[in-house]
Amino acid sequence: MRRNIVAGNWKMNKTFEEADDLLFNIADPLKEMDLDLTQVILCPPVLYAEMFTDIALENNFSVGAQNCSNHAEGAYTGEISAAMLKSMDIEYCLVGHSERRKYFNEDSKMLAEKVDQLLENAISPIFCCGEALEEREANTHFEVVGKQLYDGLFHLTAEELDNVIIAYEPVWAIGTGKTASPEQAQEMHAFIRSLIAKKYGQDIADDTTILYGGSCNAKNAKELFALKDVDGGLIGGASLKAEDFLAIIKSF
Ligand code: PGA
């Protein structure tokens, strides 16, 4: 179902005490906010999940993980399965973030398997896609993003896709302070929606939530969220400052 979403990706930041502080500074004001039309998702380091899920409902947010295994269970030392996430009341999980693709060599086959694991466990994948700088400069960005979607997501049925959120994150904009221009963001989001329409039909495409990520902050969120095909943001750096993150949530 299409809706306005602001998701905070804390990445590998914050010790337990620091996370506790930041959570309080976000969750307390959130409780008082009228969020009928906006959903907030926090994706902290999964080790702290319980501290978040314990207070999520009464504080108007949902909890997401940043990663899960592509396997169901077994001898995979260090891994965390989708079933484990589900058993900790986690409702969302990032898949295919560019940092995982790049530093952990996650390929399309593995990402498609992760998506399947999550859906089998009733967790909504937040599927990330986006081109590198060289790919944009070579004018292959549409091709690259299209392939990421075909390879990682388009094996799903329409019913399954309904539980997926897509996040377009140009790699050159992540953590760089260099945001995509409104024109670049709208153009790519419209392209992504058109691919969904081609494969699944216009109704499904119109019903899909597509977030923008990459140096989205309290200053530029309003302009980005006002774009026709941008349904919110996946926020990294600015989700680590309560004041900025709350300002982004108020940007719709
Ligand atoms: P950023 O990160 O907001 O710090 O650019 C976004 C992301 O990686 O999801």
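Here are some notes on the charge pairs, surface, helix packing and a few backbone spots in this structure.

1. **What we're looking at.** Keep in mind that this is a predicted model. The residue numbers below count from 1 along the chain as its sequence is written.

2. **Salt bridges, the overall picture.** Side chains of opposite charge can pair when their charged atoms come close. In this model there are eleven salt bridges. I'll go through a few of them and then turn to a network.

3. **Asp 28 and Lys 31.** These two side chains form a salt bridge, with 3.7 Å from N to O. That counts because the cut-off is a Lys or Arg side-chain nitrogen within 4 Å of a carboxyl oxygen of Asp or Glu. Both residues belong to helix H1 (residues 16-32), where they are three residues apart, or about one turn of the helix. Are they buried or exposed? Asp 28 is partly exposed at 33% relative accessibility, and Lys 31 is partly exposed too, with a relative accessible area of 39%.

4. **Lys 31 again.** Have a look at what sits across from this residue in space. Lys 31 and Glu 58 are 27 residues apart along the chain, yet their C-alpha atoms are separated by 6.9 Å. So on top of its salt bridge with Asp 28, Lys 31 gives you a handy place to see two separate stretches of the chain at 6.9 Å, C-alpha to C-alpha.

5. **Lys 109 and Glu 113.** Here is another pair within a helix. The closest N and O atoms of this salt bridge are 3.1 Å apart. Both residues are in helix H5 (residues 108-120), and because they are four residues apart, about one helical turn separates them. Lys 109 is exposed at 59% relative accessibility, whereas Glu 113 is partly exposed, with a relative accessible area of 25%. The reason for the two labels is the cut-off: exposed means over 50%, and partly exposed runs from there down to the buried limit of 20%.

6. **The network.** Some salt bridges share partners, and in that way Arg 2, Arg 193, Lys 228, Asp 229 and Asp 231 are joined into one network. Try showing these five side chains together when you browse the model.

7. **Arg 100 and Glu 106.** What is the distance between the closest N and O atoms in this salt bridge? They are 2.8 Å apart. Glu 106 is worth a look for its setting: this acidic partner is buried, with a relative accessible area of 7%.

8. **A nonpolar patch.** Val 46, Ile 80 and Met 84 make a nonpolar surface patch of about 220 Å². Of these, Met 84 is found in helix H3 (residues 82-87). Met 84 is partly exposed, with a relative accessible area of 44%.

9. **H7 against H9.** Two packed helices are described by the angle between their axes and the distance between the axes. For helix H7 (residues 141-152) and helix H9 (residues 182-200), the angle is about 40° and the axes are 11 Å apart. That makes H7 oblique to H9, because an angle has to be under 35 degrees to count as roughly parallel. The crossing of the two helices is right-handed.

10. **Ser 194.** This residue is in helix H9 and counts as partly exposed at 38% relative accessibility. Which residue does it pair with in space, C-alpha to C-alpha? Ala 205 is eleven residues away in sequence and 7.1 Å away in space.

11. **Two asparagines with positive phi.** Asn 60 has a positive phi of about 65° although it is not a glycine. Asn 60 sits in the loop between helix H2 (49-56) and strand E3 (62-65), and is partly exposed at 32% relative accessible area. Asn 139 also has a positive phi, about 60°, again without being a glycine. Its place is the loop between helix H6 (133-137) and H7, and Asn 139 is exposed, with a relative accessible area of 59%.

12. **Ile 235.** To finish, take a look at strand E8 (residues 232-235), where Ile 235 is found. Ile 235 is buried, at 0% relative accessibility. The C-alpha atoms of Ile 235 and Gly 213 are separated by 6.0 Å, though their positions lie 22 residues apart along the chain, counted as one residue number to the other.

Notes:
This is a predicted model: local features need pLDDT of at least 70, side-chain atom pairs count only at pLDDT 80 or more; totals for chains, interfaces and linings use all residues. Side-chain values use heavy atoms; hydrogens and water are left out. Buried means under 20% relative accessible area, exposed over 50%, partly exposed in between (1.4 Å probe, protein chains only). Patches are made of residues with over 30% relative accessible area and no salt bridge: like charges are joined within 9 Å, nonpolar side chains (Val, Leu, Ile, Met, Phe, Trp, Tyr) within 5 Å. Accessible areas come from the Shrake-Rupley method with a 1.4 Å probe; for residues, only the protein chains shown count as cover. Axes are lines fitted to C-alpha atoms, for helices over the stretch in contact, and angles run from 0 to 180 degrees between N-to-C directions. Angles under 35 degrees count as roughly parallel, over 145 as roughly antiparallel, 65 to 115 as roughly perpendicular and the rest as oblique. A crossing is left-handed if the near helix is turned anticlockwise from the far one by less than a right angle, and right-handed if clockwise.
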